[in-house]
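Thanks for sharing this one. Here are a few notes on how the aromatic side chains are arranged, for you to follow in the viewer.

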Amino acid sequence: MSFEDDPTGTYVGSFPKGFGYGPEETEIEGATNPGEEKPRILLMGLRRSGKSSIQKVVFHKVSPNETLFLESTNKIVKDDISNSSFVQFQIWDIPGQIDFFDAAFDSEDIFGGCGALIFVIDAQDDYMEALSRLQMVVTRAHKINENIKFEVFIHKVDGLSDDNKIETQRDILQRATDELADAGMDNIRLSFHLTSIYDHSIFEAFSKVVQKLIPQLAILENLLDIVISNSKIEKAFLFDVVSKIYIATDSSPVDMQCYELCCDMIDVVIDMSCIYGARDDGAFDNESAAFIKLNSSTVLFLREVNRHLALLCILREDGCENRGIIEYNFKCFRSAIQEVFVARNKQANKSTGHPQMDHLVNGQIDGTLDSGISSQSNGMLGAAGGHSFLNGSVRRADDDDDDD
Ligand SMILES: Nc1nc2c(ncn2[C@@H]2O[C@H](COP(=O)(O)OP(=O)(O)OP(=O)(O)O)[C@@H](O)[C@H]2O)c(=O)[nH]1
């Protein structure tokens, strides 16, 4: 069955919308206001640049080859990502041929509620027209909404050699920033990403876009830093399992190979759980966990944080000698995260100065963390309480070792 054939909206592409992760939990009171719109990410660019393909591959699990047969989009397609994922927002796919000066194109409305604008440039094609379009879009959108984050995807780079990729990126960056400077708009910041739907680069780029819209990002990164430093972990990611977007990582640089390994591990765990798991109503539950030893004396560790999120860690084999400490610190981390989002829900409209942003991340954690972990402190300061508790946990464990 295809999405188009399904009047109930339960299916996306050939997949059930829940992707086998069990029934939706009831939303906690006040987490989202049904009348309120989610933050919006716009996908713009010339025709055939790859916008619909990106959206389908990242959020609807369509395989890259299937996009060869996608029809051209001729009206704005709005896709609500909230039902199948922890990260809540809307993606609007804007057709390449749309005319901004047409009265039917309500720029105030479209750019006004927009958190990020992704402009897709086909790197395999002549990009001069795309660059002038980019300048026009950016100038217009910035005038309406100064808070928009502008992200340029230099797309389809699978067709370019490594040298060519770097040269193309340099050239596009130079021309785009020069054009903005000439127009007196050099205060606008553009971010550039090399992407392709045929590898993980598109997921990585989307992760970075989504992260910029998460008000609690710094807290999440801080928590991950504390977990890794106290558990002999080399790298940690907080993944949105359905989309394989990582919503936060620790402050060490991201190595693409590590990211790909983590994505593969999520696939393995979900597939195994779906095939052999005990539950009929979904693969991923609050006890989901896995350790995989690789032949490079590296270990991958996955632990479920809630129905949508998982912590993925990479560590050396000798780092997992004391699995108890890792497990204990993980529980403290999970508890601290819960407090971050409970505090966010309490703060509702005042944290970012950009009301729609405050609803980016769904506060369903409250309803899903029912594994008996109690809260250690209250409110946003409680997250700091979580930090010291984490440190304290390791101190106690070390003390125990000393005593031994
Ligand atoms: N080689 C390569 N081809 C891609 C990539 N992404 C998309 N394509 C192809 O580009 C073509 C156009 O993709 P679409 O997603 O329909 O482009 P669009 O920007 O949505 O086009 P409009 O709907 O006309 O605005 C399709 O044949 C895709 O398979 C990529 O990363 N690499």
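1. Phe237 is a good place to begin: in this predicted model, Phe237 has a relative accessible area of 0%, so it is buried. Tyr246 is buried as well, at 1% relative accessibility.

2. How are the rings of Phe237 and Tyr246 placed, by centres and planes? Their centres are 5.1 Å apart and the planes meet at 75 degrees, so this pair is edge-to-face; planes over 60 degrees apart fall into that class.

3. The count of aromatic pairs in the model comes to 10. Among them is the pair of Phe153 and Phe206, with 6.1 Å from centre to centre and 80 degrees between the planes, again edge-to-face. Phe153 belongs to strand S7 (residues 149–155) and Phe206 to helix H5 (residues 201–212), so their contact ties together parts that are 53 residues apart in sequence.

4. Are these two rings buried or exposed? Phe153 has 0% relative accessibility and counts as buried. Phe206 is likewise buried, with a relative accessible area of 0%.

5. It helps to view that pair in its wider setting. Phe153 and Phe206 join Phe59 and Phe89 in one aromatic cluster.

6. Finally, please have a look at Trp92, where charged side chains come in. Arg40 lies over the face of the Trp92 ring, 3.9 Å from the ring centre. Lys78 also places its charged end over the ring of Trp92, at 4.2 Å from the centre.

Definitions and conventions: Residues are numbered from 1 along each chain as its sequence is written. This is a predicted model: local features need pLDDT of at least 70, side-chain atom pairs count only at pLDDT 80 or more; totals for chains, interfaces and linings use all residues. Side-chain values use heavy atoms; hydrogens and water are left out. Rings of Phe, Tyr and Trp (its six-membered ring) pair if their centres lie within 6.5 Å; planes under 30 degrees apart count as stacked, over 60 as edge-to-face and the rest as tilted. Helices (H or I, at least four residues) and strands (E, at least two) are DSSP runs, numbered from the N terminus. Buried means under 20% relative accessible area, exposed over 50%, partly exposed in between (1.4 Å probe, protein chains only). A charge sits over a ring if NZ of Lys or CZ of Arg is within 6 Å of the ring centre and within 35 degrees of the ring normal.
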